[in-house]
Amino acid sequence: MNREHSPYRLAEELEHALGDPADARTPFSYAACLDLDAREEFPAGICRFLDDWGLPDYYVPVRHGGRLRDYEHALHLVRTVARRDLTVAVAHGKTYLGGVCVWVAGGEEQAARLGSDIRAGVPVSLALTERAHGSDLLAGEVEAVADGEGFVLRGEKWLINNATRGSVLCVLARTTSEGGPRGFSVLLVDKRTLTPGSWRPLPKVPTHGIRGADISGIVLDGAYVDREALIGPEGGGIETVLKSLQLTRTMCASLSLGAADHGLRIALDFARERRLYGRQLAELPQARALLAAAVADVLTHEALALVASRMVHTTTGELSVVAAVTKYLLPTGTEDMLTALGELLGARAFLVSGPGPGPYGMFQKVERDHRIVGLFDGNTLVNLNSLILQFRSLVRHWQRRTPPADGVRTACDLAAPLPEFDPAELELAARRGAAPLAALPAWTAALRERAAEEPVLKDAAELAERLLTVTDRVHEEMATYADAVTDVPEEAFAVARRYCLCFAAAACLGLWVESGSGVPDGEGVWRDALWLRASLERLLARLGEQSSSDAQEELLEEAFALHGHGRLVSLLRLQLRREVA
């Protein structure tokens with residue numbers, strides 16, 4: 001890992017291409033986004049700007065004609081867009097969501113055709129949910145009845161992102177009357193080729209956040225598609241969707257990271273500008289504690305997202321756990337952080353416009369928009385429940401001390417090249433437990449050994465030891481609910497939440513152990529394991545354990561320094577303002 005870490009450099013290139021967001025003359029400015037939001041208007045012009053830059057190319061894997069080589073690059077690109085405006089990120093990024101089933105289970109010719117469409121700017125949508133059934137995919141009523149050399153589709157899909165604007169939809173439909181796990185299929189439906197009158201759009205649904213996004217629906221009424229529209233085998237739709245959601249849930253981290261970046265920027269500006277009792281707000285203990293916790297959360301979430309995006313390639317069979325942890329922890333943690341920062345801003349958190357380079361009006365928009373991220377691709381309870389269903393296996397492998405998968409070290413070493421993603425390695429459940437947690441004892445021991453030679457690491461080593469003890473206790477709690485399948489008690493969800501925090505701690509420790517030595521001069525937040533100490537302190541606190549906040553306080557000063565020099569508050573160097581050296 002070095003200053004030229006490829007995913008960050010590409011994200012920096014996009015950041016600079018988008019121009020100064022505080023300049024109202026910039027097409028993708030805060031002012032433009034607030035105006036579109038007020039009018040509940042789709043950000044069509046900004047989406048075309050992103051098309052022209054070439055962002056759709058990164059939604060298509062290289063093997064299918066695009067430029068998506070690894071998911072770490074995709075994470076940072078979408079984060080860059082989300083940092084400006086979540087509505088735009090959701091509106092544009094929906095095309096990756098729409099195409100992912102084809103990347104996972106489609107044929108080569110089918111994938112190549114779709115890849116060509118996406119690179120040409122054709123919007124694609126994923127049509128899963130229905131008005132009466134929500135996340136219960138097995139209750140879906142949209143049917144695809146075999147008819148000659150194809151299928152006839154009937155029924156309604158609703159609350160679909162870009163259902164109206166999308167030209168191509170991946171539709172989950174019932175292909176046997178009895179339904180069940182093998183009774184559904186996914187079909188690629190191109191509205192441009194359907195018989196007129198065989199489908200119609202449903203009106204856009206007004207929403208509290210992402211007001212300009214096309215959240216609507218579609219009615220299929222005798223729409224005929226050829227058998228070539230099948231994505232994967234007939235009857236394999238539920239498995240295809242569940243595997244595809246492992247990818248999209250992991251990549252939703254980019255939306256939360258972008259929202260957190262934006263909210264933290266506004267709060268840091270405010271803390272420096274606002275004066276109370278003759279002092280800067282940034283000097284007051286209560287404000288400092290709140291900001292310090294927010295910075296620690298941002299870097300903790302970033303570390304988890306980095307590791308998770310790389311595990312897509314290195315330990316693909318464990319994504320059922322990785323995706324659920326990431327999709328639960330980042331949206332909920334970011335929502336809590338934004339709520340806390342809103343308390344710091346006070347009345348300014350509710351303003352819809354404001355003067356200066358960082359208009360406070362964007363904060364209320366970020367906070368509103370981000371609330372919907374927790375609902376995408378499975379809500380909080382869905383993701384926690386998917387972990388609970390794997391408690392038995394996770395506990396067994398922890399107790400047996402099953403060795404971690406080899407790929408976990410590569411996932412945590414940002415200097416290590418990633419292997420090509422192979423969708424055939426996706427599994428519905430992790431068969432070997434969770435590699436970061438399996439590696440936690442070894443990483444803790446490695447940090448302990450380094451601390452013996454470098455006393456400055458002693459506090460970090462002690463924090464890691466404490467978290468190892470807590471993680472052992474959490475697995476004991478998980479064992480209590482190992483048989484929970486139906487009527488899952490509320491206490492099991494609380495344990496699953498604690499498991500997610502332990503997983504994040506392991507990811508942080510692994511990232512520091514495997515990547516820390518590659519940071520030039522141990523600079524910035526990496527110096528003396530600063531960010532690691534702050535993250536572990538914060539995770540202990542979130543786990544309900546007693547913990548100091550000394551490292552978080554020190555980290556806050558680093559955050560102010562980064563922010564003041566036009567750099568992103570991040571684990572790696574990313575320059576937000578081109579003119580700053």
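Contact means heavy atoms within 4.5 Å. The model is predicted: local features need pLDDT of at least 70, side-chain atom pairs count only at pLDDT 80 or more, and totals for chains, interfaces and linings use all residues. Residues are numbered from 1 along each chain as its sequence is written, and side-chain values use heavy atoms, with hydrogens and water left out.

**Exercise 1. Place N385 and find what it touches.**

Step 1. Locate the residue. N385 sits in helix α12 (residues 380-388). Helices are DSSP runs of H or I with at least four residues, strands are runs of E with at least two, and both are numbered from the N terminus.

Step 2. List the partners. Leaving aside neighbours within four places in sequence, N385 is in contact with V488 and F493.

Step 3. Check the sequence gap. N385 and F493 are 108 residues apart along the chain, yet their C-alpha atoms are separated by 7.1 Å.

Step 4. Classify the exposure. Buried means under 20% relative accessible area, exposed means over 50%, and partly exposed lies in between (1.4 Å probe, protein chains only). N385 has 24% relative accessibility, so N385 counts as partly exposed.

**Exercise 2. Compare the surroundings of Y59 and T250.**

Step 1. Place Y59. Y59 is in the loop between α3 (44-53) and α4 (71-84). Its relative accessibility is 5%, so Y59 counts as buried.

Step 2. List its contacts. Not counting residues up to four places away in sequence, Y59 touches L68, V78, H92, G93, T95, Y96, W103 and I118. Y59 and G99 are 40 residues apart in sequence, with 8.1 Å from C-alpha to C-alpha.

Step 3. Place T250. T250 lies in helix α7 (residues 237-251). T250 has a relative accessible area of 1% and is buried.

Step 4. List its contacts. Setting aside neighbours within four places in sequence, T250 meets A308, S309, V312, L319, A323 and T326.

**Exercise 3. Describe how α2 packs on α11, and how α11 is covered.**

Step 1. Take the geometry. Helix α2 (residues 30-38) and helix α11 (residues 361-370) pack at about 60°, with their axes 10 Å apart. That makes α2 oblique to α11. Axes are lines fitted to C-alpha atoms, for helices over the stretch in contact, and angles run from 0 to 180 degrees between N-to-C directions. Angles under 35 degrees count as roughly parallel, over 145 as roughly antiparallel, 65 to 115 as roughly perpendicular and the rest as oblique.

Step 2. Give the hand. The crossing of α2 and α11 is left-handed. A crossing is left-handed if the near helix is turned anticlockwise from the far one by less than a right angle, and right-handed if clockwise.

Step 3. Name the residues. Y30, C33, L34 and D37 of α2 meet G361, M362, Q364, K365 and R368 of α11. By class, this contact of α2 with α11 has 4 nonpolar, 2 polar and 3 charged residues. Ala, Val, Leu, Ile, Met, Phe, Trp, Tyr, Cys and Pro count as nonpolar, Asp, Glu, Lys and Arg as charged, and the others, Gly among them, as polar.

Step 4. Check burial. In α11, 10 of its 10 residues are buried. The cover includes α2, α4, α5 (86-105), α8 (253-273) and α10 (319-345).

**Exercise 4. Work out the packing of α13 on α17.**

Step 1. Take the geometry. Helix α13 (residues 391-400) and helix α17 (residues 458-480) pack at an angle of about 135°, with axes 9 Å apart. That makes α13 oblique to α17. The crossing is left-handed.

Step 2. Name the residues. F391, L394, V395 and W398 of α13 contact L468, T471, D472, H475, M478 and A479 of α17. By class, the contact of α13 with α17 has 7 nonpolar, 2 polar and 1 charged residues.

Step 3. Look at the rest of α13. Its buried residues are F391, S393, L394, V395, H397 and W398. They pack against α10, α12, α15 (435-438), α17 and α18 (490-515). Just after α13, R401 takes a positive phi of about 55°.

**Exercise 5. Classify the W526 and W531 pair.**

Step 1. Count the pairs. The structure holds 4 aromatic pairs. Rings of Phe, Tyr and Trp (its six-membered ring) pair if their centres lie within 6.5 Å; planes under 30 degrees apart count as stacked, over 60 as edge-to-face and the rest as tilted.

Step 2. Apply the cut-offs. The ring centres of W526 and W531 are 5.4 Å apart and their planes lie at 75°, so the pair is edge-to-face. W526 and W531 are both buried.
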